[in-house]
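Colleague: Please walk me through this model, starting wherever you like.

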Amino acid sequence: MDERLKQQQPVVYQTLKNCLEHQRLSHALLFTGPKGTPKLETALMLAQSLFCEQASPFGCGQCPACQRVLKQEYADLVILDGTKKSIKKEEILSLQERFSKTAVEKKGQKVYILHGAENATTEALNSLLKFLEEPQSQDITAILIVESTDRLLPTIVSRCQILPFRPVERTLCEKQAIKLGCTVTDAWLISHFVKDPEAVLALSETEAYQKAYAGFELFLEHIYDLSRCMVELQTDVFGSKSDAKEVLGYFIDCLTSFFEELACGLEDAPGKIKKKAEKVKEKELNLAQIQIVLLETKDKLSRPYNLTLVSDQMMIQLMEVIG
Ligand SMILES: [Zn+2]
């Protein structure tokens, strides 16, 4: 992990390395950066470095302590996940209660990670602020993870050492995903909307993405006669009960990436994609208008709309634009 971090996030890597080597690590850190940057992985790596007996300065990754951190089974590590549901005041209070006692493990360090801290309730953030303000014992380290600091109280932000994560450059992410075993086409396509090589590979293996990709191929195949693939798209691609929303989301991501690159001539696209594009280039397309339809549809996915209606509407709008 630390080699990967060194390559992808050199500034974060160097800062943490210096702080650990000189034992000048802040007791409250704020990791901020777009989705797909390895913020949680880095937080876990930092926790390992504080718990590992052989840290130099990063955790070895192999010893029982390091392994238990990865499995999130280390007793003095608490992770609250706000990425799926918001973090509540009670959770912060019980964390505070637990950390007021001496550490369970013999290393004596305690770490808590608030993943998606911006999704904490206002009451929770106020409790957190009090927790951060109180003179903490030297052995507690807080790591807050957010995509943006906008929704955090400025008083919380000002108490933290901020480490900004930059999005990984797309082509680097693509190359690394291929090295990990991702196909050339998937790596190229997915690296447009996922900024972490391992996450690119993981997504390429999901059923939801594979359905979306099949839909993407079908779409390009029939781009000037979309009514012909409408039924197939609705039943085989967007029609599944369990993951329809995800599939539609990835389908839109694939199309958005494709049309974005089409506008620049698909220079670095893999052969398979270029081949599909040959048909598309035959006619002038209103690319800006297509992107607007895709963007608006993507936006609707985050709200409680009827999915069938949303995908129907998208297809009809696209047919109108493409003509
Ligand atoms: Zn270790």
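**A helix residue, then the whole chain**

Colleague: Where is the place of Val231?

Modeller: Val231 has its place in helix α12, which covers residues 227–237; helices here are DSSP runs of H or I with at least four residues, strands are runs of E with at least two, and both are numbered from the N terminus. Bear in mind that this is a predicted model, in which local features need pLDDT of at least 70 and side-chain atom pairs count only at pLDDT 80 or more, while totals for chains, interfaces and linings use all residues. Residues are numbered from 1 along each chain as its sequence is written, and side-chain values use heavy atoms, with hydrogens and water left out.

Colleague: Is Val231 buried or exposed?

Modeller: Val231 is exposed, at a relative accessible area of 61%, where buried means under 20%, exposed over 50% and partly exposed in between, with a 1.4 Å probe and protein chains only. Its C-alpha lies 37 Å from that of Lys179, and the two residues are 52 apart in sequence.

Colleague: Zooming out, how many helices and strands does the protein chain have?

Modeller: The protein chain comes to 16 helices and 5 strands, and its C-alpha atoms fill a box of roughly 70 × 40 × 30 Å along the principal axes. Of its 323 residues, 50% count as buried.

Colleague: And which domains is the chain divided into?

Modeller: There is domain 1, at 2–164, and domain 2, at 206–322, with bounds that come from an automatic or database domain assignment. The centres of domain 1 and domain 2, taken over C-alpha atoms, are separated by 39 Å.

Colleague: What about contacts between residues at least 6 apart in sequence, what share joins residues at least 24 apart?

Modeller: That share is 71% in the protein chain, with contact meaning heavy atoms within 4.5 Å.

Colleague: Switching to charge, how many positive and negative side chains are there?

Modeller: The protein chain carries 39 positive and 45 negative side chains, and the centres of the two sets lie 3 Å apart. Lys and Arg count as positive and Asp and Glu as negative, without His or the chain ends, and each charge is placed at NZ of Lys, CZ of Arg, CG of Asp or CD of Glu.

Colleague: Let's go to α5, which of its residues are buried?

Modeller: In α5, residues 89–99, the buried ones are Ile92, Leu95, Gln96 and Phe99. Viewed down the helix axis they fall within an arc of 100°, so they line one face of α5; the arc is that of the directions from the helix axis to the C-beta atoms.

Colleague: What covers those buried residues?

Modeller: The cover includes the strands β2 (77–81), β3 (110–115) and β4 (140–146), together with helix α6 (122–133).

Colleague: Same thing for α8, what do its buried residues pack against?

Modeller: The buried residues of α8 (residues 170–180) are Arg170, Cys173, Glu174, Gln176 and Ala177, and they pack against α1 (2–8), α9 (184–190), α10 and α13 (244–263). Just after α8, Gly181 takes a positive phi of about 120°.

Colleague: You mentioned α10, so what does Ser204 touch?

Modeller: Ser204 is in helix α10, residues 197–204, and is buried at a relative accessible area of 7%. Not counting residues up to four places away in sequence, Ser204 touches Cys182, Asp186, Ile190, Tyr209 and Gln210.

Colleague: Now the backbone oddities: which peptide bond is cis?

Modeller: The bond from Ser56 to Pro57 is cis, with omega near -20°, and Pro57 sits in the loop between α3 (39–51) and α4 (64–70).

Colleague: And what phi does Gln72 have?

Modeller: Gln72 is not a glycine, yet it has a positive phi of about 55°; it is found in the loop between α4 and β2 and is partly exposed, at 44% relative accessible area. Leu266, also not a glycine, has a positive phi of about 50° and is located in the loop between α13 and α14 (271–281), but Leu266 counts as buried, with 1% relative accessibility.

Colleague: Last one, which residues is His27 in contact with?

Modeller: Leaving aside neighbours within four places in sequence, His27 contacts Gln138, Ile140, Thr141 and Ala142. His27 lies in the loop between α2 (10–21) and β1 (28–32), is partly exposed at 28% relative accessible area, and has its C-alpha 8.3 Å from that of Gln161, 134 residues apart along the chain.
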